[in-house]
Amino acid sequence: MDPIEVVKARELAATSTPPPTAIETLPLAASHGRICAETANARSAAPPFANSAMDGIALRHSDVKNLLPVCGTVLAGHAISTLPVGQCMKIMTGAAVPRGADVVVAREQLEFIDNNARIDGDVRVGQNIRPAGEDFAIGVPVVEKGELIGVSHQAALAATGHHQVQVFARPSVALVTTGTELVSPGESLASGSIYDSNSIMMASIIQAAGAKVNLYRVDDDVQATRELARSVSAQHDAVISVGGVSVGEADVVKDVVCELGRLNLWRILMKPGKPFMLGEVNGRPWYGLPGNPVSSLICFLMIVLPSLWRLQGREKSFPSGLPAHLQTSVRKRTPRLEYQRGQWAREGDQLIVTPVSAQGSGQLSGLTTANCLIELAANTFEFAHGAVVTVYPFSQLLPGNEHV
Ligand code: AMP
Ligand code: MG
């Protein structure tokens with residue numbers, strides 16, 4: 001099986017991932033961060049009636065020139081009243097504009113003399129009135145199927161007469177970490193062992209991407225990996241494994257996936273992350289990330305993330321990246337497309353980016369100071385100071401996460 005390009009791998013991963021089938025009805029208050037499963041249209045207009053945007057008086061525009069007797073006051077929450085001809089009513093923000101009135105003049109433009117109002121300055125018809133349905137007319141879409149529900153969507157749904165919303169069920173992901181050398185944080189390190197740093201990173205990022213995750217750990221052992229692969233693939237919507245997909249003698253994951261299911265792709269023309277594997281077991285997609293933490297993360301962000309969006313019904317296209325000027329010259333050693341970790345910033349009307357110092361695929365120290373990935377094109381080896389490269393801010397890939 002030949003290695004393929006990053007963009008093709010991302011597309012293949014997404015197209016071999018099934019869309020969600022289960023839908024839940026949630027109270028609006030519990031819907032934040034979920035994906036809308038059915039377009040929700042406005043059940044009531046917002047605002048439901050014409051109301052005042054200011055504290056002031058409501059009147060007929062044809063009466064503007066007169067000293068107008070004030071015949072009452074309308075507050076927010078009062079039922080809609082009727083304005084007698086030749087008079088005005090005091091009105092407060094959010095109160096229903098009385099029938100007959102076609103303008104609200106703000107308090108700042110008014111002088112009250114006894115019980116009459118005089119208006120200073122220009123006034124135009126409709127001023128300071130929020131017409132019924134100005135924000136949402138009845139029947140217009142408020143949140144579309146496939147959209148991520150944010151706080152603004154929750155508010156818009158509430159304003160248009162919804163108290164619950166249909167969302168796709170959260171997909172469940174089995175995170176399988178492989179490696180006989182791994183020890184959980186908190187345990188003591190035996191000779192030759194290292195702390196498992198990847199599980200915690202991948203579990204958090206999978207949840208940040210909207211899925212539920214269960215963690216499993218397995219030694220580099222074919223039989224144990226086979227048994228675990230059978231059971232987790234039957235119990236989850238997808239499997240993400242870490243490690244064991246390279247060409248070493250202990251790399252058994254790929255063989256097990258081949259044996260129990262099917263291999264759809266192995267190896268990507270990128271650095272780091274070359275050994276990435278895509279397959280399926282029990283009809284469930286299996287994304288095999290390489291074990292080095294930086295490689296794992298980059299494969300997850302650049303290849304697997306859109307598959308997780310698809311698994312939960314989210315309609316979102318992959319960000320196209322931003323052009324930024326390199327602040328140093330960069331040389332790369334392989335013809336493969338390369339993702340370096342960098343720090344981007346805005347300088348005037350352009351973006352600038354500097355690679356961080358530790359670029360090893362196992363070096364988390366570089367990652368902790370980075371806020372983006374820098375894409376260095378395939379088949380180019382030298383990038384001059386000032387050259388324009390594409391950067392992927394982490395905040396674009398995982399909104400709300402400036403650092404990963
Ligand atoms: P592998 O892809 O399994 O060959 O692993 C590549 C490198 O990543 C090796 O140095 C592993 O020890 C390391 N590695 C694999 N899994 C983890 C993990 N969960 N946490 C930290 N390092 C890991
Ligand atoms: Mg390993």
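The largest nonpolar core of this predicted model holds 47 residues, and within this core Ile206, Phe276, Phe300, Leu301 and Met302 touch the most other members. Let us see where its residues come from. Helices H1 (6–15), H3 (198–208), H6 (293–311) and H8 (394–397) each give at least two residues to this core, as do strands S13 (172–178), S17 (238–242), S21 (284–289) and S24 (337–347). Helix H6 provides the largest share, with 13 residues. In terms of domains, the core takes at least three residues from domain 1 (6–21 + 170–311) and at least three from domain 4 (322–397). As a general background, nonpolar side chains tend to be buried together in soluble globular proteins.

Ile206 is a good place to look around inside this core. Which residues does Ile206 contact, once its neighbours within four places in sequence are left aside? They are Val173, Leu175, Ala211, Val213, Ile240, Phe300 and Leu308. Phe300, as you may recall, is itself among the residues that touch the most other core members. There is also a second, separate core of 16 residues, with Val176, Trp266, Met277 and Val281 included in it.

Now step back to the whole chain. The chain is divided into four stretches of the assignment: domain 1 (6–21 + 170–311), domain 2 (23–46 + 134–168), domain 3 (51–130) and domain 4 (322–397). Taken over C-alpha atoms, the centres of domain 1 and domain 3 are 66 Å apart. The C-alpha atoms fill a box of roughly 95 × 50 × 40 Å along the principal axes. How does the radius of gyration fit with this picture? The chain has 30 Å, whereas a compact globule of 404 residues would have a value near 22 Å.

The chain contains eight helices and 28 strands. Of the contacts between residues at least 6 apart in sequence, 71% join residues at least 24 apart. Of the 404 residues, 48% count as buried. The accessible surface of the chain is about 18,700 Å², and carbon and sulfur atoms account for 51% of it.

Finally, turn to the charged pairs. Side chains of opposite charge can pair when their charged atoms come close. The count for this model is seven salt bridges, and three of the pairs can be visited here in turn, beginning with Arg34 and Glu24, whose closest N and O atoms are 3.2 Å apart. Arg34 sits in the loop between strand S1 (23–27) and strand S2 (40–41), while Glu24 belongs to strand S1, 10 residues away. Is Arg34 buried or exposed? Arg34 counts as buried because its relative accessibility is 9%, under the 20% limit. Its partner Glu24 counts as partly exposed, at 31%.

Glu111 and Arg118 make another salt bridge, with 3.6 Å between the closest N and O atoms. Glu111 is partly exposed, with a relative accessible area of 36%, and Arg118 is partly exposed too, at 38%.

In the salt bridge of Arg331 with Glu382, the closest N and O atoms are 3.3 Å apart. Arg331 lies in strand S23 (residues 330–331) and Glu382 in strand S27 (residues 382–383), so this pair ties together parts that are 51 residues apart in sequence. Arg331 is exposed, with a relative accessible area of 62%, whereas Glu382 is partly exposed at 49%.

Terms used
Residues are numbered from 1 along each chain as its sequence is written. Chains are lettered from A and ligands numbered from 1 in the order in which they are written. This is a predicted model: local features need pLDDT of at least 70, side-chain atom pairs count only at pLDDT 80 or more; totals for chains, interfaces and linings use all residues. Side-chain values use heavy atoms; hydrogens and water are left out. A nonpolar core is a set of buried Ala, Val, Leu, Ile, Met, Phe, Trp, Tyr and Cys residues joined through side-chain atoms within 4.5 Å. Buried means under 20% relative accessible area, exposed over 50%, partly exposed in between (1.4 Å probe, protein chains only). Helices (H or I, at least four residues) and strands (E, at least two) are DSSP runs, numbered from the N terminus. Domain bounds come from an automatic or database domain assignment. Contact means heavy atoms within 4.5 Å. The radius of gyration is taken over C-alpha atoms; the globule rule is 2.2 Å times the number of residues to the power 0.38. Accessible areas come from the Shrake-Rupley method with a 1.4 Å probe; for residues, only the protein chains shown count as cover. A salt bridge is a side-chain nitrogen of Lys or Arg within 4 Å of a carboxyl oxygen of Asp or Glu.
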